[in-house]
Amino acid sequence: MTAEQGTFIRELIHGDEWGIALEQIADVLAEEGAALRDDERDQLLALNRRMGMGDRVPSALSLCPRMS
């Protein structure tokens, strides 16, 4: 994640834009092809469900390989 991306996500969080921040995190992880542990993926997906969000986060995370 670049410094700009991190700053943008922090600004979203500080502005109580939690859903958009979660989408941005998932998008950055997908763009980077970041490998995720099962527990990390599960936590992000659980947040997505709790917030009642759609398919964007699960779709993005599906592009992230599983960390071995």
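This is a short dialogue on how to read a predicted model.

User: Where do I start, and how many helices and strands are there in the protein?

Analyst: Start with the secondary structure. This model is predicted, and the protein has 4 helices and 0 strands. Along the sequence the pattern reads α-α-α-α.

User: What does the radius of gyration say about the protein?

Analyst: The value is compared with that of a compact globule of 68 residues, which would be near 11 Å; the protein has 12 Å, so the two agree. The C-alpha trace spans about 35 × 30 × 15 Å along its principal axes. The accessible surface comes to about 4500 Å², and carbon and sulfur atoms account for 53% of that surface.

User: How do I read the contacts between residues far apart in sequence?

Analyst: Take the contacts between residues at least 6 apart in sequence, and ask what share joins residues at least 24 apart; in the protein this share is 61%. One pair of positions illustrates such a separation: Ala-60 and Ala-26 are 34 residues apart along the chain, with their C-alpha atoms separated by 5.7 Å.

User: Which residues make up the largest nonpolar core?

Analyst: The general idea is that nonpolar side chains tend to be buried together in soluble globular proteins. In this structure the largest nonpolar core has 12 residues: Leu-22, Ala-26, Leu-29, Ala-30, Leu-36, Leu-44, Leu-45, Met-53, Val-57, Ala-60, Leu-61 and Cys-64. At least two of these come from each of α2 (18–32), α3 (38–50) and α4 (56–61). The most come from α2, which gives 4 residues. Of the 68 residues in the protein, 34% are buried.

User: Is Ala-60, as a member of that core, buried or exposed?

Analyst: The cut-off for buried is under 20% relative accessible area. Ala-60 has 7%, so it counts as buried. Ala-60 lies in helix α4. Apart from its neighbours within four places in sequence, Ala-60 is in contact with Ala-26, Asp-27 and Ala-30. Cys-64, another core residue, touches Leu-29, Ala-30, Ala-34, Leu-36 and Arg-41, when residues up to four places away are not counted.

User: How do I check a helix, taking α2 as the case?

Analyst: Compare its length with the expected rise, then see which residues are buried and what they pack against. The 15 residues of α2 reach 21 Å from first C-alpha to last, close to the 21 Å expected at 1.5 Å a residue. Its buried residues are Gly-19, Ala-21, Leu-22, Glu-23, Ala-26, Asp-27, Val-28, Leu-29 and Ala-30. They pack against α1 (3–14), α3 and α4. Just after α2 comes Gly-33, with a positive phi of about 65°.

User: What does α3 show by the same steps?

Analyst: With 13 residues, α3 should span 18 Å at 1.5 Å a residue, and its end C-alpha atoms are 18 Å apart, so the values agree. Arg-41, Leu-44, Leu-45, Ala-46 and Asn-48 are buried in α3. The partners of these buried residues are α2 and α4. Gly-52 follows α3 and has a positive phi, near 65°.

User: How many salt bridges does the structure hold?

Analyst: A salt bridge is read from the distance between a side-chain nitrogen and a carboxyl oxygen, with a cut-off of 4 Å. The structure holds 5 salt bridges. In one of them, Glu-23 and Arg-56 meet at 3.4 Å, N to O. This pair links distant parts of the chain, as Glu-23 is in helix α2 and Arg-56 in helix α4, 33 residues apart. Asp-27 and Arg-56 also meet in a salt bridge, at 2.2 Å, N to O. Asp-27 lies in helix α2 and Arg-56 in helix α4, so this pair ties together parts that are 29 residues apart in sequence. Another salt bridge joins the side chains of Glu-40 and Arg-37, at 3.3 Å, N to O. Shared partners join Glu-23, Asp-27 and Arg-56 into one network.

User: Where do the residues of that network stand in terms of burial?

Analyst: Each is judged by its relative accessibility. Glu-23, at 18%, counts as buried. Asp-27 is buried too, with 17%. Arg-56 has 40% and counts as partly exposed. Leaving out residues up to four places away, Glu-23 touches Met-53, Arg-56 and Val-57; Met-53 and Val-57 belong to the nonpolar core described above.

Key
Residues are numbered from 1 along each chain as its sequence is written. This is a predicted model: local features need pLDDT of at least 70, side-chain atom pairs count only at pLDDT 80 or more; totals for chains, interfaces and linings use all residues. Side-chain values use heavy atoms; hydrogens and water are left out. A nonpolar core is a set of buried Ala, Val, Leu, Ile, Met, Phe, Trp, Tyr and Cys residues joined through side-chain atoms within 4.5 Å. Buried means under 20% relative accessible area, exposed over 50%, partly exposed in between (1.4 Å probe, protein chains only). Helices (H or I, at least four residues) and strands (E, at least two) are DSSP runs, numbered from the N terminus. Contact means heavy atoms within 4.5 Å. The expected span of a helix is 1.5 Å times one less than its number of residues. The radius of gyration is taken over C-alpha atoms; the globule rule is 2.2 Å times the number of residues to the power 0.38. Accessible areas come from the Shrake-Rupley method with a 1.4 Å probe; for residues, only the protein chains shown count as cover.
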